[in-house]
Protein chains: 2
Amino acid sequence: MGVWLEGRALAEKIKQEVKEEVEHFREKTNQVPGLIGILVGENKSSQIYLRSKEKASQGLGIASQILTLPANTEARALKARIAELNQQEDVDGILVQLPLPGHLKAHDIICAISPEKDVDGFHPFNLGSLLANEEGLKPCTPMGIIELLRYNRVPLEGKEVVVIGRSLIVGKPLAAMMTNENATVTICHSRTKDLAAVAARADILVAAMGKPAFVKPEFVKESAVVIDVGINQLADAARVRDLFGEDEKREKDLAEKGYTVVGDVDPRAVERAAAMTPVPGGVGLLTVAMLMKNTLEAFKRRRRFEP
Amino acid sequence: MGVWLEGRALAEKIKQEVKEEVEHFREKTNQVPGLIGILVGENKSSQIYLRSKEKASQGLGIASQILTLPANTEARALKARIAELNQQEDVDGILVQLPLPGHLKAHDIICAISPEKDVDGFHPFNLGSLLANEEGLKPCTPMGIIELLRYNRVPLEGKEVVVIGRSLIVGKPLAAMMTNENATVTICHSRTKDLAAVAARADILVAAMGKPAFVKPEFVKESAVVIDVGINQLADAARVRDLFGEDEKREKDLAEKGYTVVGDVDPRAVERAAAMTPVPGGVGLLTVAMLMKNTLEAFKRRRRFEP
């Protein structure tokens, strides 16, 4: 039976460090990092995510604002708005909440953000710098995963890492980071044959494909470390009971919200694993913490502040 | 016993296509693609490589020139020169021959090239676009490998690909391209444990680490396709005889040049493989052909020519 790798303590530690550094710079220079989150349209989850980022920033002394634009905003107008923010001296970080309405292409919009203000780390220049193992802003979730493994003294060098999912937000940049950390990395996806067998090679298995409890216990090698990046709403009560057994918290979720949040990994996989991140309470908490760290990082680099 | 996947026929085909298209645009617009190769210092191999690129370009009707700068050129001066070339209307492609003298950092210099003129595909913006599976100029050798596999009807989807070597010139971009082609990709390197066993999983094995005949026949799964990217000079006559047996051409190389060119794969691996690229005469020939193709591509995009 493995241990649960909780994300909270590390997330709090990182946020505390950011807060202290922001405070330090505020006292020393009378400047604080500025973060703008752009929301196009009225996607409910996007609103919630962006609000929580804003709240977290403000709690750390970062000047944060949400810029809300109508769902029918044209690409040209959105890029013009971003160009203004690129020029704005007191803005260090710009993030565009995804997904965007169907008429806007995420890649096209993200390319409009100045790489030095791209705190999500999704701009091609930053992704390419990551591939090249050069300096740059790095995507928050993969960075959070690396930090969580380091914090828990899980070595990466020479380990077999299997990443399931090839998104630009998690899978691909994480595979690059893990390669840079000297792991032997395999990246799997929907076209991978015999995924269970490939996954079972992993010393460290990362599930990031967005399918509730898709990774079964038998996908997990005995004593592997399992990182569950999925955040899925599961409404099927019978399935929830099958996965979690008698679980008061899950029952309450189902009764109150009509769903409970589950990861991409069957929670019973923890029995084979050496350690596994819970959902919720694992990697998800680190994403916002790393965004805060990236914002501080962008602030320091742009304004050429030494610590 | 596998077949040898020669690169020549495809390389000639690609160059012929480029030549015809260049000619077509010349007739139609009175413009031809312009390519500048920058050589800093007097590295003998670099001179030879660059000269062969210049010759190939000129043979296809591309206006090509080598800009030679002294070995002690400062980064600032080199970047200023590149900035001029970025502005120059008749220059579509700029490449900086690597390696650079020790005081110059390749990443820093390559970042000075306008991504739209970066015909080597090494600029972070282009590498990031490749990772994102978006349009952009792609590194020549990995692109040549993909083309060679396509040309020989080797399917990639769902295949296990193992890439040995994580250079920015071959291993990393190739892994990204193979992932985009729906292969299941593992990237190995000097810190990989039990490399032989990992390599032996591969349906398609790519050796790109620059160690003469390092990949032994037993690294190769029965009926795998083996792509040998290495170009190494081997001077040890006993070793050459061990690898190639009685081989008139190799003996002549040793006698005349003091070395023979060998790949990263033991040539006897062809006996287990379904197919394998020879060295010389395999992937190497495609690199220059793809550079020509990239130059034409950059020309068309920059000058907004439709075919």
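The following legends describe close-up views of a predicted model with chains A and B.

**Figure 1. The two domains of chain A.** Chain A is divided into domain 1, spanning residues 30–114, and domain 2, spanning residues 140–284. Taken over C-alpha atoms, the centres of domain 1 of chain A and domain 2 of chain A are separated by 29 Å.

**Figure 2. The open sheet formed by strands of both chains.** The sheet contains 12 strands and is open, with mixed pairing. Its strand order is E1(A)-E11(A)-E8(A)-E7(A)-E5(A)-E6(A)-E6(B)-E5(B)-E7(B)-E8(B)-E11(B)-E1(B). The edge strands are E1 of chain A (3–4) and E1 of chain B (3–4), each of which pairs on one side only. Strand E1(A) runs parallel to strand E11 of chain A (residues 275–276), to which it is joined by 2 bridges. Within this pair, A:Val3 has A:Ala275 of E11(A) as its bridge partner.

**Figure 3. The strand pair that joins chain A to chain B.** Strand E6 of chain A (residues 184–188) and E6(B) run antiparallel and are joined by 3 bridges. Opposite A:Ile187 stands B:Val185 in E6(B). In general, the strands of a sheet pair through backbone hydrogen bonds, in either the parallel or the antiparallel sense.

**Figure 4. The side of chain B that touches chain A.** Contacts between the chains involve 26 residues of chain B and 26 residues of chain A. On the chain B side, the elements that give two or more residues are helix H5 (124–131), helix H7 (171–180) and strand E6 (184–188). Helix H5(B) supplies the largest share, with 7 residues. By class, this side of chain B has 10 nonpolar, 10 polar and 6 charged residues.

**Figure 5. Helix H5 of chain A and its surroundings.** Helix H5(A) covers residues 124–131, and 8 of its 8 residues are buried, so the helix is largely enclosed by the rest of the structure. The buried residues are A:Pro124, A:Phe125, A:Asn126, A:Leu127, A:Gly128, A:Ser129, A:Leu130 and A:Leu131. Which elements are included in what covers the buried residues of H5(A)? They include helix H7 of chain A (171–180), together with H5 and H7 of chain B. Just after H5(A), residue A:Asn133 takes a positive phi of about 60°.

**Figure 6. Strand E5 of chain A and its partners.** In strand E5(A), residues 160–164, 5 of the 5 residues are buried, so the strand is largely enclosed by the rest of the structure. A:Glu160, A:Val162 and A:Ile164 point one way from E5(A), whereas A:Val161 and A:Val163 point the other way, and all are buried. Strands E5(A) and E6(A) run parallel and are joined by 5 bridges; A:Val162 stands opposite A:Thr186 in E6(A). The chain passes from E5(A) through H7(A) to E6(A), and this β-α-β crossover is right-handed. Strand E5(A) also pairs in the parallel sense with strand E7 of chain A (residues 204–207), over 4 bridges. In that pair, A:Ile204 of E7(A) is the bridge partner of A:Val161.

**Figure 7. A:Val206 and the largest nonpolar core.** The largest nonpolar core has 180 residues. Which of these residues touch the most other members? They are A:Val163 and A:Val206, together with B:Val163 and B:Val206. Leaving aside neighbours within four places in sequence, A:Val206 is in contact with A:Ile145, A:Val161, A:Val163, A:Ile164, A:Leu174, A:Ile227 and A:Val229. Among these contacts, A:Val161 and A:Val163 are residues that point the same way from E5(A).

**Figure 8. Strand E2 of chain B and its parallel partners.** Strand E2(B) spans residues 34–40, and 7 of its 7 residues are buried, so the strand is largely enclosed by the rest of the structure. B:Gly34, B:Ile36, B:Ile38 and B:Val40 point one way from E2(B), and B:Leu35, B:Gly37 and B:Leu39 the other way; all are buried. Strand E2(B) pairs in the parallel sense with strand E3 of chain B (residues 63–69) over 7 bridges, and B:Leu39 has B:Thr68 of E3(B) as its bridge partner. Between E2(B) and E3(B), the chain crosses through helix H2 of chain B (residues 44–59) in a right-handed β-α-β crossover. Strand E2(B) also pairs in the parallel sense with strand E4 of chain B (residues 93–96), over 4 bridges. In E4(B), the bridge partner of B:Leu35 is B:Gly93.

Key. Residues are numbered from 1 along each chain as its sequence is written. Chains are lettered from A and ligands numbered from 1 in the order in which they are written. This is a predicted model: local features need pLDDT of at least 70, side-chain atom pairs count only at pLDDT 80 or more; totals for chains, interfaces and linings use all residues. A nonpolar core is a set of buried Ala, Val, Leu, Ile, Met, Phe, Trp, Tyr and Cys residues joined through C-beta atoms within 7 Å. A residue is buried if 20 or more other C-beta atoms lie within 10 Å of its own, exposed if 12 or fewer, and partly exposed in between; C-beta atoms are placed from the backbone. Two residues are in contact if their C-beta atoms, placed from the backbone, lie within 7 Å. Two strands pair if DSSP finds at least two bridges between them. A crossover is right-handed if, with the strands pointing away from the viewer, the path from the first strand over the helix to the second runs clockwise. Ala, Val, Leu, Ile, Met, Phe, Trp, Tyr, Cys and Pro count as nonpolar, Asp, Glu, Lys and Arg as charged, and the others, Gly among them, as polar. Domain bounds come from an automatic or database domain assignment.
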